[in-house]
Amino acid sequence: MLTDARKSSYRASDPLRYTRRLATAFLAHARPDHDFASHLAGFLEFGCNLTCYVDDGQIGENQDLISKAEEGLCADVLVLLLSPSSSPARWVRERWEPVLFDQAKQGGVEVVTLLLGECSFPPLL
């Protein structure tokens, strides 16, 4: 039989174990960076208790990194994998700033950038 102190301790910690929400990460990346994104997701899911969206984060036809980032604002963490393949030829501030700063802040989304290779990107990132 459990003592009163052990019962209250057990009850206090037990519900937290079942109600803790998993955090989500959306990895926005180009097709050539997909293998890296998959390996990163495996590492994060194992070590950080995250659910990672890799396939959904791959830039498709008629898309760019900013449009994919906008889709990723549904996650807790938006990871932008910057590479020559994913980086737009020209970063239009009026397009990326509202998505990566304003909308992310409104949604409580953390934005993380990871530089995979030499490419141009705004200094604010």
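Reader: Which side chain meets the side chain of Lys68 in a salt bridge?
Author: The model is predicted. In general, side chains of opposite charge can pair when their charged atoms come close. Here the gap from N to O is 3.0 Å, and the partner of Lys68 is Glu71.

Reader: By about how many helical turns are Lys68 and Glu71 separated?
Author: Both residues belong to helix H3. Because they are 3 residues apart in that helix, the separation is about one helical turn.

Reader: Is Lys68 buried or exposed?
Author: Buried means under 20% relative accessible area. Its partner Glu71, with 39%, is partly exposed. Lys68 has a relative accessibility of 5%, so this residue counts as buried.

Reader: How many salt bridges does a search of the whole structure find?
Author: The pair Lys68 and Glu71 is one of them. Another joins Arg95 and Asp64, and Arg93 also forms one with Glu97. The search of the whole structure gives a total of 3.

Reader: How many residues apart in sequence are the parts tied together by Arg95 and Asp64?
Author: The side chains of Arg95 and Asp64 meet in a salt bridge of 2.6 Å, N to O. Arg95 lies in helix H4, whereas Asp64 lies in the loop between strand S2 (50–53) and helix H3 (65–71). The pair therefore ties together parts whose separation in sequence, in residues, is 31.

Reader: What is the relative accessibility of Asp64?
Author: Arg95 counts as partly exposed because its relative accessibility is 38%. Asp64 also counts as partly exposed, and its value is 24%.

Reader: Which residue forms a salt bridge with Arg93?
Author: Arg93 is in helix H4, which covers residues 93–107. The partner is 4 residues away in that helix, so the two are separated by about one helical turn. The closest N and O atoms are 2.9 Å apart, and the partner is Glu97.

Reader: How far apart are the C-alpha atoms of Arg93 and Pro122?
Author: Arg93 is partly exposed, because its relative accessibility is 44%. Along the chain, Arg93 and Pro122 are 29 residues apart. In space, their C-alpha atoms are separated by 8.4 Å.

Reader: How many aromatic pairs does the structure hold?
Author: A pair of aromatic rings is described by the distance of the centres and the angle of the planes. The structure has such pairs, and their number is 2.

Reader: What is the angle between the planes of Trp91 and Trp96?
Author: The two rings are 6.5 Å apart, centre to centre. Planes over 60 degrees apart count as edge-to-face. This pair is edge-to-face, with an angle between the planes of 90°.

Reader: Which residue forms a tilted aromatic pair with Trp96?
Author: Trp96 is buried because its relative accessibility is 3%. The partner, at 33%, counts as partly exposed. The centres are 5.8 Å apart with 50° between the planes, and the partner is Phe101.

Reader: Which residues form one aromatic cluster?
Author: Trp96 pairs with Trp91. Trp96 also pairs with Phe101. The one cluster is formed by Trp91, Trp96 and Phe101.

Reader: Where is Leu82 found?
Author: Leu82 is buried, because its relative accessibility is 2%. Beyond its neighbours within four places in sequence, its contacts include Leu65, Trp91 and Phe121. From Glu118, which is 36 residues away in sequence, Leu82 is 8.5 Å away in space, C-alpha to C-alpha. The residues 77–82 that hold Leu82 make up strand S3.

Reader: Which side chain is joined to that of Ser83 by a polar contact of 2.5 Å?
Author: Ser83 is found in the loop between S3 and H4. With a relative accessible area of 2%, Ser83 is buried. Leaving aside neighbours within four places in sequence, its contacts include Leu116, Gly117 and Cys119. The polar contact joins the side chain of Ser83 to that of Asp33.

Reader: What is the area of the nonpolar surface patch made by Phe36, Leu114 and Leu116?
Author: Leu116 is found in the segment after strand S4 (110–115). At 31% relative accessibility, Leu116 counts as partly exposed. Together with Phe36 and Leu114, Leu116 makes a patch of about 220 Å².

Reader: Which pattern does the chain follow along the sequence?
Author: The chain has 4 helices and 4 strands. Read along the sequence, they follow the pattern α-β-α-β-α-β-α-β.

How values were computed: Residues numbered from 1 in each chain as written. Predicted model: local features only at pLDDT ≥ 70, side-chain atom pairs only at ≥ 80, totals over all residues. Heavy atoms only, no water. Buried < 20%, exposed > 50% of the residue type's maximum accessible area, 1.4 Å probe, protein only. Contact = heavy atoms within 4.5 Å. Polar contact = N/O pair within 3.5 Å; in protein donor to acceptor, adjacent residues only side chain to side chain. Patch = residues over 30% accessible without salt bridge, like charges linked within 9 Å, V, L, I, M, F, W, Y side chains within 5 Å. Areas by Shrake-Rupley, 256 points an atom, 1.4 Å probe, with all protein chains shown as cover. Salt bridge = Lys/Arg side-chain N within 4 Å of Asp/Glu carboxyl O. Phe/Tyr/Trp six-rings, centres within 6.5 Å; stacked < 30°, edge-to-face > 60°.
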